[in-house]
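Biologist: I would like a close look at the backbone and its surroundings, beginning with a single loop and going on from there to whatever helps me read the picture. Please take your time over it and give me one connected account.

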Amino acid sequence: MQFILKILNNEKKIVAIVFLIEILNLSSLIQAKNLKRLQNKIAFVSNTSGNWELWVMDANGDNKRQLTYTPIDERSPSISPDGKKIVYTTNAGDIWIVNVMTKQTKKLNLELKNINHCRFSPDGKRIIFTVFHEPKMDDSNIWIVDINGVNLRKLVDQRDIQLYPDFHPNGKKIIYSSTIYAPFYVIWHDLWAINLDGTGAERILCNDAANIQAKWSPDGKKIVFASNKTGNMEIWLMDIESKKLKQLTYNPAYDASPCWSPDGEYICFISNRSGKMAIWIMDKNGKNLNSTLTPKNQNLPIFGHFSPVISDVP
């Protein structure tokens with residue numbers, strides 16, 4: 001349980017500057033060759049105000065704007081496809097949606113507790129999320145609901161812990177990690193996919209390792225994920241059709257939380273290879289690695305995620 005508890009503690013206690021970053025592109029963050037300069041926004045949670053709150057800012061770190069002001073901790077933000085809303089969870093185990101322009105918040109009144117890992121669907125009409133089960137919190141499944149809180153149903157019902165759900169670009173299925181308890185207290189995570197109607201559940205990767213935080217490429221042909229297959233957490237790529245694996249990072253540091261640029265040409269991830277946790281970007285083949293952004297609150301984990309630009313935020 002050690003590995004899985006470390007993941008849960010990091011997220012449930014927010015022992016992080018959880019920059020759960022929503023980026024259209026990273027050209028404003030770095031001067032990397034061949035990256036086009038475009039406008040973009042970042043959504044993140046930070047405790048700079050003394051509490052973990054939801055913020056947005058320009059990709060270069062300017063124009064920070066706090067969106068929530070609550071006594072509880074916000075976490076796990078996901079931006080809607082039109083960039084007008086952000087869905088997020090709290091340490092109270094609830095799902096909230098905030099209007100980026102008005103800062104108006106709305107709680108989804110679901111008859112569920114201990115919610116985490118929420119994501120918008122590609123059409124912005126639904127939300128998937130993880131629900132941890134009491135009392136031990138060592139079991140979880142994945143649920144789906146419309147953004148207005150109706151049509152709630154369990155999508156994945158498997159033993160033990162299911163983590164990090166994410167939509168396929170076509171919106172018709174999801175990918176997620178499922179826990180396997182191996183002999184001698186070893187924890188593995190296989191990658192699974194399932195259709196939104198609950199059919200076609202398929203284990204797409206089982207390699208005696210912790211495979212987590214998987215994201216489909218924009219064309220749906222590959223997945224990028226973090227894995228400790230080599231004994232250290234690195235970034236990997238898998239071709240869906242051939243199941244061929246390619247290791248993208250080779251560093252004794254901790255590399256995790258990978259995500260795609262919208263054009264599928266770049267991958268960003270978090271790493272402490274520089275001595276402090278920062279966001280890095282590389283080509284989709286693992287080349288041209290660049291450090292992009294290190295928050296002022298240093299030596300704390302960051303978790304990154306690409307998303308459409310919040311174009312309406314001034």
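Modeller: Asn 288 counts as exposed because its relative accessible area is 53%, and the cut-off for that class is over 50%. The model is a predicted one, and in it Asn 288 lies in the loop that runs between strand 23 (278-283) and strand 24 (290-293). Although Asn 288 is not a glycine, its phi is positive, at about 55°. As background, most residues other than glycine have a negative phi.

Lys 243 can be read alongside it, since this residue, also not a glycine, has a positive phi near 65°. Lys 243 is placed in the loop between strand 19 (234-239) and strand 20 (245-247), and it counts as partly exposed because its relative accessibility is 36%.

A further positive phi, of about 65°, belongs to Lys 103, which sits in the turn of a hairpin made by strand 7 and strand 8, with five residues between the two strands. Strand 7 (residues 95-99) and strand 8 (residues 105-108) pair in the antiparallel sense over four bridges; within this pairing, Ile 95 stands opposite Leu 108, and Trp 96 stands opposite Lys 107. The hairpin belongs to an open sheet of four strands, in the order 5-6-7-8, with antiparallel pairing. Strand 5 (74-79) and strand 8 are the edge strands of that sheet, each pairing on one side only, and neighbouring strands are turned against each other by 25° on average, direction ignored.

For a contrast with the exposed loop, consider Asp 255, which is found in strand 21 (residues 255-260). Asp 255 counts as buried because its relative accessibility is 0%, and its side chain makes a polar contact, at 2.5 Å, with the side chain of Ser 271. Leaving aside residues up to four places away in sequence, Asp 255 touches a set of residues that includes Ala 226, Met 233, Glu 234, Ile 235, Thr 249, Phe 269, Ile 270 and Arg 273.

Arg 273 leads on to one last detail, for its charged end sits over the ring of Trp 280, 5.4 Å from the centre of that ring. As for rings paired with one another, a search of the whole structure finds zero aromatic pairs.

Technical notes
Residues are numbered from 1 along each chain as its sequence is written. This is a predicted model: local features need pLDDT of at least 70, side-chain atom pairs count only at pLDDT 80 or more; totals for chains, interfaces and linings use all residues. Side-chain values use heavy atoms; hydrogens and water are left out. Two strands pair if DSSP finds at least two bridges between them. Rings of Phe, Tyr and Trp (its six-membered ring) pair if their centres lie within 6.5 Å; planes under 30 degrees apart count as stacked, over 60 as edge-to-face and the rest as tilted. A charge sits over a ring if NZ of Lys or CZ of Arg is within 6 Å of the ring centre and within 35 degrees of the ring normal. Axes are lines fitted to C-alpha atoms, for helices over the stretch in contact, and angles run from 0 to 180 degrees between N-to-C directions. Buried means under 20% relative accessible area, exposed over 50%, partly exposed in between (1.4 Å probe, protein chains only). A polar contact is a pair of N or O atoms within 3.5 Å; within protein, one must be able to donate a hydrogen and the other to accept it, and residues adjacent in sequence count only if both atoms are side-chain atoms. Contact means heavy atoms within 4.5 Å.
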